[in-house]
Each structure stands twice: as structure tokens, then as C-alpha cells.
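The following note sets out some points for your consideration. Please read them alongside the sequence and the structure.

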Amino acid sequence: MSETPPIFEYEIHDGQVTITRCMDYESDLIIPREIKGFPVTEIAKSAVTSFDVSTVTVPETILKIGNNAFGNCYYLTAVHVSPQNPNYAARDGILFSKDYSVLYSCPRTFQGDYVIPETVRKIDSWAFFDCQKLQSVIIPEGVTHLPDAVFYSCENLTSVRLPTTLQRIGKYVFRDCEAIQSITIPEKVKSISQRAFWECDSLQAIHVSPKNRYYKSVDGVLFNRDGTILQTYPAGRPNPTYAVPVGTEKIQNFAFEWSQNLTSVTIPDTVREIGYKAFEDCSALTSVRLPATITEIKSFTFNSCNQLTSITIPPSVTKIKTDAFRLCRNLTSVTVSTRDIKIHRYAFYACSEELTIKTRTKKQKNKNKKQAFVERD
């Protein structure tokens, strides 16, 4: 029986070895065929973490590779797979299924443009995670789903061509893709997860095929098809002011999050709900006109809107939830239209020391000021 390689942590079940962690510090990592005489058949999720590994060689015994198994190899240039492996293959250093129908992972150091092979029908979550030198991607026809975080942190990715067969876009798919300026949603897409485009600082417009039955674009802003739900406002949209269209009934969770250029927003009285974290981290926002149709301000709605100095709460609002205006450090004036309003004790957490809550009728300091906020940084 062979000695156990000291760089691996593993588990043995039913005579088969699963590598759960690799502590290798050599440039070329070779996964062993066996440990203690048992075949190595699996590499667990996120098992290999190293700043030193540049290549990984997978033997024929490996039958399963967990999600993002090599995603934490910061300088990985290529994955190699034994030609005798029944389940996996590699091409150009990228890990695929044996029949090239599934793309599992691309090394972080991949550079330039990439055309995904036409045989691919599925792309694994986190497949291109942190490929910071990837510049453009063409996704083939036949792919129907982009799962969570596929292109997360591809900071220099400027162009992605989505296939007409695409139906679903998962969470964080384009998160932190700082260079993308526009994207076009194909006609068959029927589900786009919240925060799919989170922290896309340069994204100026989201276009939608006119044939799409579920979404539409209004001046580059993403709405549901009938225009009642504002889904995503592109974070890099250059316009400093924005008027939500009349007829909109809901502003989705996270809709305006991270919109760094936005200074003023007008929300019409057709809007009945403003979602959780809808305006979080809008660092330039100085003016918001709230509609007289909403009944509450949800948690973290205006979190970290540092330039907001005053706000008027309409009489329809009966509740301001915890952290609704958290870290609005320059907020000094809040005007409410009624005393019949429940303000959570942390609704204005870490706002300005000079914050005063006034009623519209008396224009005086709120005697219950301490009920609105208690702690500050």
C-alpha cells in the first residue's frame, strides 16, 4: 500500500477516496490515482487553494469534480485530464465534460477573447470566476441557463454575446464586471435574478430583444414586460437625474443599488412598493421624491446614501424599518406628515449627529427623536 501524500486531506467511503483539501505549494499539481491503496475518485468543492499551483493534472480515476474545485488557484494556467478519464476532458486548459457538452471551469489567468465551443449546452456556476484578463465571450446556441456567478469578478470583460436560446440568468452572473457598458437580453429569457448585474460600474444600458415576452428596456433601464416593475437601473448610467415612469407599481429589491452617478430620483404616485436595498450605496444621491402611495420604507432602502441631506416622508407611510437610512452620514433633516408612524429605533443608525425629525405641521424637533435612532459609529 502506498504512503499518503502529505499535501492532501481526504475522506474514504466505500473504498473510494475524496480529496477534500489540497495544501500543495508546488507549481504543477498532480492528483494521485490512489491513496493508501484506494482509488481517488472525487475532488470536493473548492478543494484546491493555492497561490503557487499553475497546472493541475487529473487522472483517469476521477469520476467527480466538485463545483469551483480549482477556483481558488489564483495563478492556475491550465487543467490537464488523462485521455482515459471517462467523465472529464480539457481543451486549451479549460475543464469540460468528456463529450464537451458542459464547461466546468476556466483558469483565472485566461487572457483575451473566448468563443465557447458549439458543443457546450451547460456552463457550471463560477466557471469564469475572477478571470480578470478575459475580454470577450461568445456563448453558443443551445445554452439555456447562466447559473450563479458564472462571470463574477471578470473585471476586464467588455463584451458578452448571449445565445437566442438563453432562458434564465442567475444571481451574480455579471457581478463586479466593471468594464461592461451594455448588454442585450435575448428574446427567450424569462427569468433574471436580482443582483445579476450588481457592481457593474460601467453598465450604461440593458437592452432587450423586442420579441421578449417577459422583459423590456425603457431608455436602457430593465422593466418587466408590462412596465409595472422596475427591475434594474444600470449602475453606470451617466444621467444624474431619473424620473421613474408613470405606471410603474414596484421598484424591485436592489434596483438602483450602486448607481454612482445618480443624484436625483422622482418616483410617481403609481408606485406602491419600494424594495429592500433599492437605493443602497447610491453615493451621489441628494434628492428623492417619495410617492404618497407607499406604506413603508423597508430595511436598508437608502443605506449608505452619503450625500442625502434631507427627506420628506409622505403621509401614507406608517412604518420605517430598521436601518432604512443606515449610514446616511449627512442626513440632517427628516420631515414626516403624521405622528402616527412607527419608526424603528435603528432606522437612522449612524446618521448625522445633527439629525432632526420634524412633523410637517409644527416644524420642530421631534420629542421622540431617541426612538428613531440610538447608536452611531
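1. A nonpolar core is here a set of buried Ala, Val, Leu, Ile, Met, Phe, Trp, Tyr and Cys residues joined through side-chain atoms within 4.5 Å. The model under discussion is predicted. Its largest nonpolar core has 43 residues. Those with the most contacts inside this core are Phe 128, Leu 134, Ile 139, Phe 151, Phe 174 and Phe 197.

2. Four elements give two or more residues to this core: strand 12 (94–97), strand 16 (133–138), strand 20 (182–185) and strand 22 (205–208).

3. Which residues are in contact with Leu 134, leaving aside its neighbours within four places in sequence? They are Phe 110, Gly 112, Tyr 114, Phe 128, Phe 151, Cys 154, Asn 156 and Leu 157.

4. Apart from the largest core lies another, of 42 residues. Val 221, Tyr 233, Cys 328 and Leu 331 are among its members. In soluble globular proteins, nonpolar side chains tend to be buried together.

5. As to the protein overall, the secondary structure consists of 1 helix and 36 strands. The C-alpha trace spans about 85 × 45 × 35 Å along its principal axes. Of the contacts with a separation of 6 or more, 33% are between residues 24 or more positions apart.

6. Of the 377 residues in the protein, 53% are buried. The exposed area is about 17,100 Å², and carbon and sulfur atoms supply 46% of it.

7. Finally, the protein has 44 positive and 40 negative charges, and the mean positions of these two sets are 13 Å apart.

Definitions and conventions:
Residues are numbered from 1 along each chain as its sequence is written. This is a predicted model: local features need pLDDT of at least 70, side-chain atom pairs count only at pLDDT 80 or more; totals for chains, interfaces and linings use all residues. Side-chain values use heavy atoms; hydrogens and water are left out. Buried means under 20% relative accessible area, exposed over 50%, partly exposed in between (1.4 Å probe, protein chains only). Contact means heavy atoms within 4.5 Å. Accessible areas come from the Shrake-Rupley method with a 1.4 Å probe; for residues, only the protein chains shown count as cover. Lys and Arg count as positive and Asp and Glu as negative; His and the chain ends are not counted. The place of a charge is taken as NZ of Lys, CZ of Arg, CG of Asp or CD of Glu.
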